[in-house]
Amino acid sequence: MDGSPCSLDKEFSDRIAALLAPPTPQSIQEYHDELIEATKCLGLRIMYSNKHGKGVYANSEFKEGELILKDRMLVAAQHSSNKVDCLVCSYCFRFIGSIELQIGRKLYLQGLGLSTKKECDYQTFSHSSNGLCQNEMEEAEGNFVMNESDNTGSSSSKNLKADPLPEDLLLSLMNGDLSLPYTKQFALPPVIACPGACEEEHYCSKLCADSDWESFHSLLCTGQNTEQSRRASLFKFIEHANSTNDIFILVAKVISCTILKYRKLKRSHAIEIGKPCNLDKTDEFSFSLLMEAWKPISMGFKKRWWDCIALPDDVDSCDEESFRMQIRDLAFTSLKLLKGAIFDDECAPLFSLEIYGHIIGLFELNNLDLVVASPVEDYFIYIDDLPCKEKREAETVARPLLNALGDEYADCCQGTAFFPLQSCMNHSCCPNAKAFKRDEDRDGHAVIVALRPISIGEEITISYIDEDLPYDERQVQLADYGFKCRCPSHCQGADAD
């Protein structure tokens, strides 16, 4: 490929190389030891080897089905298209408001023409995210609809939506003027507004609102309190991301988080020395603070997006270079828009195309789907399980809403996230653990449970792909992650090498 179109790549080549240099085994160990201590995941330990890199090992025994890890997101975002379906906390991704608000809002927005897209924008230029969905929804989705003709509690499939419901009914649900039967059994946290008064982000508590503001959102807020020119630039960046690939929103959060951490470190240093800390982009101490702020991201395995993205089936191999150049140019367009909104001169290397591409590649190679089950689904199932008399009375109100929602009544919150501990887990075609949300897991954390008993000292592995695929197909998919599977022969099938 030709040289980078971004002038910062050349200007800060040495610092970019330092930011992207693989961390030392000692720094990897120290960072993850501190992380495990802070998160109290004492049943695990991270170990590094020259052969396999990072790996997660059991520090205690685990029984089949036992929780191994509940890992908090380092950075995450709900898919843009999913925001029509689900109102969730922008920090922890719990459903918020009320069952009435969730139903009324979804039907109201769909009535305005904001239709649901089943395929997430992230898939536009990406292979599937590690093949891992945190919640095995298949058994429940599409199977339950209240029976219209009897009171026996049997289910029938209803794929077609009923005629739209009156707008005043939907507004009454949204405004809290109309209560549905039994929704008190499914109380949700209240809706807390963004501290910067934007209408895009909502929260389940003041703690989540403040945490998001301090960690990411204060640089990305489009509220009225944001300076007008920067606000206009942010809208342009967000519009481009939503129309092309919403993974750019995640990258913006990574860069914002790093800048905010850098500023916090700088303030702490100023307090320590008792005077203002006047630095510029060429100051070595300034760069040492930036390196420290960047540390959590430095721990993740990454390559440039346009180098590691899988070639789509409809792109011929002879057109591969042109395709990868288009992907690079798409990233550069996004970068320029973000730079126009939040550029920080002291953190200039973060706005190089090389860094931008590697952050996207981080998500391409390490992310886990963010999935949170909908309480609306639980509500309708609860109604369906009521005794006949109570069910008949509740259905009088609930069935028209269910019919209007159709098969989309069970839509869950969907997004993409990077989890610092889960991302250290290596692949196996015979994994001993899996990502699986339990009934009690109602936020966006990654949940890993044991598939079989795990002994002390045993490596904990998950499958990045569908391990039931034929061996050759698994090898093709795993090549996208940059390695050839060398699982034991009993995992590879009869056609293994």
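1. Glu201 counts as buried, at 16% relative accessibility. This value, like the others below, belongs to a predicted model. The partner of Glu201 is Lys83: their side chains meet in a salt bridge, 3.9 Å from N to O. Lys83 is partly exposed, with a relative accessible area of 26%. The cut-off for buried is under 20%, so the two residues of this pair fall into separate classes, Glu201 at 16% and Lys83 at 26%.

2. The Lys83–Glu201 pair links distant parts of the chain, 118 residues apart. Lys83 sits in the loop between S4 and helix H4 (99-111), while Glu201 sits in the loop between S5 and strand S6 (202-203).

3. A second long-range salt bridge joins Arg442 to Asp378, with the closest N and O atoms 2.3 Å apart. Arg442 lies in the loop between strand S10 (433-435) and strand S11 (446-450), and Asp378 lies in helix H13; 64 residues separate them. Arg442 counts as partly exposed at 30% relative accessibility, and Asp378 is partly exposed with a relative accessible area of 24%.

4. Arg438 and Glu440 also form a salt bridge through their side chains, at 3.3 Å from N to O. Arg438 is partly exposed, with a relative accessible area of 23%, whereas Glu440 counts as exposed at 53%. Both residues belong to a network of salt bridges that also links Lys70, Asp441 and Asp443. Over the whole structure, the search finds 21 salt bridges.

5. On the aromatic side, the count comes to eight pairs. One of them is Phe186 with Tyr382, edge-to-face, at 5.5 Å centre to centre and with 80° between the planes. Planes over 60 degrees apart count as edge-to-face, so the 80° angle places this pair in that class. The pair links distant parts of the chain: Phe186 is in the loop between helix H5 (167-175) and strand S5 (192-193), Tyr382 is in helix H13 (residues 375-384), and they are 196 residues apart.

6. Phe186 is buried, with a relative accessible area of 17%, while Tyr382 is partly exposed at 28%. Both rings belong to a cluster linked by ring pairs, which also includes Tyr182, Tyr379, Phe380 and Tyr409.

7. Two lysines lie over ring faces. Lys339 lies over the face of Phe343, 5.2 Å from the ring centre. Lys434 lies over the face of Phe436, 4.6 Å from the ring centre.

8. The largest nonpolar core has 56 residues, of which Phe248, Ile255, Trp305, Ile342 and Tyr356 touch the most other members. Among the elements that give two or more residues to this core are helix H2 (13-20), strand S4 (75-78), helix H7 (228-244), helix H11 (320-342) and helix H12 (353-366). H8 gives the most, with 11 residues.

9. Ile342 deserves a separate entry. With neighbours within four places in sequence left aside, Ile342 is in contact with Leu219, Leu220, Arg230, Leu234, Ile255, Ser256, Ile259 and Phe351. Ile255, in this list, is also among the residues that touch the most other core members.

10. Apart from the largest core lies another, of 38 residues. Its members include Ile28, Ile46, Cys413 and Met425.

Definitions and conventions
Residues numbered from 1 in each chain as written. Predicted model: local features only at pLDDT ≥ 70, side-chain atom pairs only at ≥ 80, totals over all residues. Heavy atoms only, no water. Phe/Tyr/Trp six-rings, centres within 6.5 Å; stacked < 30°, edge-to-face > 60°. Helix = DSSP H or I, 4+ residues; strand = E, 2+ residues; numbered from the N terminus. Buried < 20%, exposed > 50% of the residue type's maximum accessible area, 1.4 Å probe, protein only. Lys NZ or Arg CZ within 6 Å of the ring centre and 35° of its normal. Core = buried A, V, L, I, M, F, W, Y, C linked by side-chain atoms within 4.5 Å. Contact = heavy atoms within 4.5 Å. Salt bridge = Lys/Arg side-chain N within 4 Å of Asp/Glu carboxyl O.
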